[in-house]
Each structure stands twice: as C-alpha cells, then as structure tokens.
Amino acid sequence: MKYCLNCDWWTSETDEPAARVRSRRAIEHHVETGHTIDSSEGVVPPQLPDVPHEVFVHDLLPSHSGD
Ligand SMILES: [Zn+2]
C-alpha cells in the first residue's frame, strides 16, 4: 500500500493490483500536488517524475534574438 502523508490519498492492491501502476499513480500524485508519498511495501523506484523537458530546454537555451 502506498499512501500520502499530506492528504488522504492512497492506493493498495485491492484498489490497483499492479504494483507498477500503483507506483506510477503515487508518483503522479506527488508531481501534481507536491505531497509526500509513503509506502508500506518498500521504496518508490528511483525514477524522475515526468517533468516536461521543454521547460528545462527553454531555460537552458541562450537567447538568439540577435540572429
Ligand atoms: Zn496527497
């Protein structure tokens, strides 16, 4: 079971049989809300959330307004 420390969000095997899907949902809740997800069955796999790359690319690209 995975559950949120900041609100009453949670997911368990009875709610979603696939552990992979539960992990994804937990990550999505964290990304959407910034809440902290805890788990009673182990740690969430160390994978980065799906942050739009365009945001970082836009910030990193130098300005070419002079071209
Ligand atoms: Zn939450």
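Start at the zinc ion of this predicted model, where the four donor atoms subtend angles of 108 to 112 degrees around the metal, which makes the arrangement tetrahedral. For comparison, the ideal angle for four tetrahedral donors is 109.5 degrees.

Next, select the side chains that hold the zinc ion: Cys4 and Cys7, each through SG, His29 through NE2, and His35 through ND1, with distances of 2.0 to 2.3 Å. If you follow these donors along the chain, you will find that they keep the spacing C-x2-C-x21-H-x5-H. Now keep Cys4 and His29 highlighted, and colour the model by secondary structure: Cys4 lies in strand β1, residues 2–4, while His29 belongs to helix α1, residues 19–33, so this pair ties together parts that are 25 residues apart in sequence.

With those two residues still selected, turn on a surface and ask whether Cys4 is buried or exposed. Cys4 counts as buried because its relative accessibility is 7%, and buried here means under 20%. His29 is buried as well, with a relative accessible area of 10%.

From His29, extend the selection to the whole of α1, whose 15 residues should span 21 Å at 1.5 Å a residue; the C-alpha atoms at its ends are 21 Å apart, which agrees. Within this helix, pick out the buried residues, which are Arg22, Ser23, Ala26, Ile27 and His29. If you then turn the view until you look down the axis of α1, these buried residues fall within an arc of 155 degrees, so they line one face of the helix. On the other side of α1, select Arg20 and Glu32, both of which are exposed.

What lies over the buried residues of α1? Among the parts that cover them are β1, β2 (residues 10–11) and β3 (residues 37–39), which you can show together with the helix. Before leaving α1, step just past its end to Gly34, which takes a positive phi of about 75 degrees.

Finally, clear the selection and view the whole chain, which has two helices and three strands. Traced from the N terminus, these elements run in the order β-β-α-β-α. Of the 67 residues in the chain, 18% are buried, and the chain exposes about 5400 Å², of which carbon and sulfur atoms supply 56%. If you display contacts between residues with a separation of 6 or more, 48% of them are accounted for by residues 24 or more positions apart.

Conventions: Residues are numbered from 1 along each chain as its sequence is written. This is a predicted model: local features need pLDDT of at least 70, side-chain atom pairs count only at pLDDT 80 or more; totals for chains, interfaces and linings use all residues. Side-chain values use heavy atoms; hydrogens and water are left out. Donors are N, O and S atoms within 2.8 Å of the metal (3.2 Å for Na, K and Ca); water is not among the atoms, so sites may look incomplete. Four donors count as tetrahedral if all angles lie between 85 and 135 degrees; four count as square planar and six as octahedral if opposite donors are over 155 degrees apart and all others between 65 and 115; anything else is irregular. Helices (H or I, at least four residues) and strands (E, at least two) are DSSP runs, numbered from the N terminus. Buried means under 20% relative accessible area, exposed over 50%, partly exposed in between (1.4 Å probe, protein chains only). The expected span of a helix is 1.5 Å times one less than its number of residues. The arc is that of the directions from the helix axis to the C-beta atoms. Contact means heavy atoms within 4.5 Å. Accessible areas come from the Shrake-Rupley method with a 1.4 Å probe; for residues, only the protein chains shown count as cover.
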